[in-house]
Amino acid sequence: MHQQSATENGSKPVDVVWTPSQNLVDSCALTAFMERATKQYGRTFQSFEELHSWSVQQPEKFWPLAAQFLDIKGCGSLESVAIIVTGK
């Protein structure tokens, strides 16, 4: 069964061909990351779109958390990346 999904930007709706089960959503890494961001920053994310928006608006918070969550090893700080991106 196909469902029509409205788009946020007013463009033509697209057919939704698959929706994950709630069990799959609850157990995926992206959900765990969103929960970690909520715990660390007190910001609740109801959707991927909200997480994406936050990542663009506050890269200085998003990228260090993403690196920690993904256990990415490196030297130095991600602070300089945030300064380049945001100009702050």
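**Figure 1. Asp71 and its salt-bridge partner, after helix H4.** Asp71 sits in the loop that runs between H4 and helix H5 (79-86). This is a predicted model, and Asp71 has a backbone angle worth a look. Most residues other than glycine have a negative phi. Asp71, just after H4, instead takes a positive phi of about 55°. What does the side chain of Asp71 meet in a salt bridge? The partner is Lys73, at 2.7 Å from N to O. Searching the whole structure turns up one salt bridge, so if you have found the Lys73 and Asp71 pair, you can stop looking. Lys73 is out in the open: its relative accessibility is 68%, so it counts as exposed. As general background, side chains of opposite charge can pair when their charged atoms come close.

**Figure 2. The whole chain, for orientation.** Before going further in, here is the overall layout. The protein chain has five helices and two strands, and along the sequence they come in the order β-β-α-α-α-α-α. How much of the chain is buried? Of the 88 residues in the protein chain, buried ones make up 16%. The chain exposes about 7,000 Å², with carbon and sulfur atoms supplying 56% of that area. Take the contacts with a separation of 6 or more: residues 24 or more positions apart account for 27% of them.

**Figure 3. Phe33 against Phe62, an edge-to-face pair.** A pair of aromatic rings is described by the distance of the centres and the angle of the planes. The count for this model comes to six aromatic pairs. In the one shown here, the ring centres of Phe33 and Phe62 are 5.6 Å apart and the planes make an angle of 80°, so the pair is edge-to-face. Phe33 belongs to helix H2 (residues 29-41) and Phe62 to helix H4 (residues 59-69), so this pair ties together parts that are 29 residues apart in sequence. Are the two partners buried or exposed? Phe33 is buried, with a relative accessible area of 6%, and Phe62 is buried too, at 12%.

**Figure 4. Tyr41 and Trp54, a tilted pair.** Tyr41 and Trp54 also form an aromatic pair, this one tilted, with 5.7 Å from centre to centre and 55° between the planes. Tyr41 is in helix H2 and Trp54 in helix H3, 13 residues apart, so here too the pair links distant parts of the chain. The two residues differ in how covered they are: Trp54 is buried, with a relative accessible area of 3%, while Tyr41 is partly exposed at 30%. Step back from this pair and you will see one aromatic cluster, formed by Phe33, Tyr41, Phe45, Trp54, Phe62, Trp63 and Phe69.

**Figure 5. Arg36 reaching across to helix H4 and beyond its own neighbours.** Arg36 lies in helix H2. Which residues does Arg36 contact, leaving aside its neighbours within four places in sequence? They are Leu65, Gln68 and Phe69. Arg36 and Phe69 are 33 residues apart in sequence, yet their C-alpha atoms are 8.2 Å apart in space. At 34% relative accessibility, Arg36 counts as partly exposed. As for H4, its buried residues are Pro59, Phe62, Leu65, Ala66 and Ala67. An α-helix has 3.6 residues a turn, so residues three or four places apart point the same way.

**Figure 6. Ser55 and the backbone of His52.** Ser55 lies in helix H3 (residues 48-57). Look for a polar atom of the Ser55 side chain, 2.7 Å from the backbone oxygen of His52. Is Ser55 buried or exposed? With a relative accessibility of 12%, Ser55 counts as buried.

**Figure 7. A nonpolar patch on the surface.** Val17, Trp18 and Leu24 make up this patch, and together they have about 360 Å² of accessible area. Val17 is in the loop between strand E2 (14-16) and helix H1 (22-27). Val17 is exposed, with a relative accessible area of 65%.

Definitions and conventions: Residues are numbered from 1 along each chain as its sequence is written. This is a predicted model: local features need pLDDT of at least 70, side-chain atom pairs count only at pLDDT 80 or more; totals for chains, interfaces and linings use all residues. Side-chain values use heavy atoms; hydrogens and water are left out. Helices (H or I, at least four residues) and strands (E, at least two) are DSSP runs, numbered from the N terminus. Buried means under 20% relative accessible area, exposed over 50%, partly exposed in between (1.4 Å probe, protein chains only). A polar contact is a pair of N or O atoms within 3.5 Å; within protein, one must be able to donate a hydrogen and the other to accept it, and residues adjacent in sequence count only if both atoms are side-chain atoms. Rings of Phe, Tyr and Trp (its six-membered ring) pair if their centres lie within 6.5 Å; planes under 30 degrees apart count as stacked, over 60 as edge-to-face and the rest as tilted. A salt bridge is a side-chain nitrogen of Lys or Arg within 4 Å of a carboxyl oxygen of Asp or Glu. Patches are made of residues with over 30% relative accessible area and no salt bridge: like charges are joined within 9 Å, nonpolar side chains (Val, Leu, Ile, Met, Phe, Trp, Tyr) within 5 Å. Accessible areas come from the Shrake-Rupley method with a 1.4 Å probe; for residues, only the protein chains shown count as cover. Contact means heavy atoms within 4.5 Å.
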